[in-house]
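Biologist: I am new to this model. Please walk me through it in short steps.

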Amino acid sequence: MKKLMLVVSSLMMIGLMIGMFFYEKQRSSKPVTQKEKLEAQVKEMEQTGPEVLQPMAADEEISYTLQNDELSITYNNGETWTKVPINRELLFQGEYNGNEQELIEHSYIINNKIAAFLYANTSEGYQNKLLLKYSFDKGKTWEETVITDKIIGLRFRKVDFLNESFGYVIISGERTMSFEASTVFLIHDGGSSWQETANSGVTRLISDGGFINESTGFLSFGTINPEEPDVYVTEDGGETWTNAVFQIPDEYKRIFVTAEVPIKEGNHLAVLVNQGANGDYKGGKVKGKFLSDDNGKTWEFQQEVEPNE
């Protein structure tokens, strides 16, 4: 009799265990409702706290971040942040969008004197306004100005200020194959009134450009299989543009093909000319340094420049 009761008890225990197993399995496979998901996310956020913003350039005091789908700037390596009042997606409008994980190169300035950001506003699928949001007090107050309302298919964009009054914006758009329109805008009053300069007449894709003072500026063209530097210079603030001449030694022809922006160096100008996207001379990173004694109209080769120089 005792054996029979022991067997029955054992069977009952086994039955209970099997029942609990299937109950737990059924409960764990039950679909989670949207409300339960939201409650779990809120609980997780409460436990972990708000996301800590990280500067894009971790080794620099002045930087920015695009975390939390917002643009914010810092002047103390991330200790405090100031939100920039721009919709994040407008920073990447146009034919060229970058990787959208960092700001497009040359499309912004952040330094102790000015923070400025180019962005495009759209209407019915076309870019019709290029604007600049800027601050002269490290983001305490912001101003906005329209640079142009006549852009389509924005590709290249660059903004810079040489001082508190003078700045420039260079853009390109309306690209068709290897042709596009490029335009230069200048400002002399610190941010509110932009004037379009004369057109250079060049329809090649622009690779870079810039001004070294309020009168002298450069545009460098050729991004698709360039064979030689193609640079246009103005000495009258963009009223006229002329093609600069590069005197390239035979051994460097079709090697140094794309000019960067010249700089003032002593009593002359200097410019680095790189090998373009397909260069393979000495690994493709070596550049040619050229000098000009006539304000950028003609250039003579000086030397090769290693990448770390």
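**Cavities, rings and backbone**

Biologist: Which strand gives the most to the lining of the second largest cavity?
Modeller: One strand supplies 3 residues there, the most of any element. Strands are DSSP runs of E, at least two residues, numbered from the N terminus. A cavity is a set of points on a 1 Å grid, over the protein atoms alone, where a 1.4 Å probe fits but cannot get out; lining residues have an atom within 4 Å of a point. The strand is E13.

Biologist: What should I know about the model itself?
Modeller: It is a predicted model, where local features need pLDDT of at least 70, side-chain atom pairs count only at pLDDT 80 or more, and totals for chains, interfaces and linings use all residues. Residues are numbered from 1 along each chain as its sequence is written, and side-chain values use heavy atoms, leaving out hydrogens and water.

Biologist: What is the volume of the second largest cavity?
Modeller: Its lining includes Asp208, Phe218 and Glu260. E12 and strand E13 (217–221) are the elements that give it two or more residues. A volume is the space filled by probe spheres set on the points, with grid points joined across faces, edges and corners. Here the volume is about 30 Å³.

Biologist: How many charged residues are in the lining of the largest cavity?
Modeller: That cavity has a volume of about 60 Å³. Strand E10 (residues 179–187) gives the largest share of its lining, 3 residues. Ala, Val, Leu, Ile, Met, Phe, Trp, Tyr, Cys and Pro count as nonpolar, Asp, Glu, Lys and Arg as charged, and the others, Gly among them, as polar. Beside 3 nonpolar and 5 polar residues, the charged count is 1.

Biologist: Turn to the rings. How many aromatic pairs are there?
Modeller: Rings of Phe, Tyr and Trp (its six-membered ring) pair if their centres lie within 6.5 Å; planes under 30 degrees apart count as stacked, over 60 as edge-to-face and the rest as tilted. By that rule the number of aromatic pairs is 18.

Biologist: Why is the pair of Phe166 and Phe211 given its class, and which class is it?
Modeller: The ring centres are 6.0 Å apart and the planes meet at 70°, so the cut-off for the angle decides. Phe166 sits in the loop between strand E8 (157–161) and strand E9 (167–176), and Phe211 in strand E12 (residues 206–211), 45 residues apart. Phe166 is buried at 0% relative accessible area (buried is under 20%, exposed over 50%, partly exposed in between; 1.4 Å probe, protein chains only). The class is edge-to-face.

Biologist: Is Phe301 buried or partly exposed?
Modeller: Phe301 pairs edge-to-face with Phe290, with centres 5.4 Å apart and planes at 75°. Phe290 lies in strand E20 (residues 287–292) and Phe301 in strand E21 (residues 298–305). Phe290 is buried, with a relative accessible area of 0%. At 22%, Phe301 is partly exposed.

Biologist: Which Trp belongs to the aromatic cluster with Phe290 and Phe301?
Modeller: The cluster also includes Phe218, Phe246 and Tyr252. Phe218 lines the second largest cavity too. The Trp is Trp299.

Biologist: Last, the backbone. What is the phi of Lys138?
Modeller: Most residues other than glycine have a negative phi. Lys138 lies in the loop between strand E6 (126–135) and strand E7 (143–148). Lys138 is partly exposed, at 39% relative accessible area. Its phi is positive, about 60°.

Methods
Helix = DSSP H or I, 4+ residues; strand = E, 2+ residues; numbered from the N terminus. 1 Å grid on protein atoms, 1.4 Å probe; cavity = no way out; pocket = protein on both sides within 12 Å on 5 of 7 lines; lining within 4 Å.
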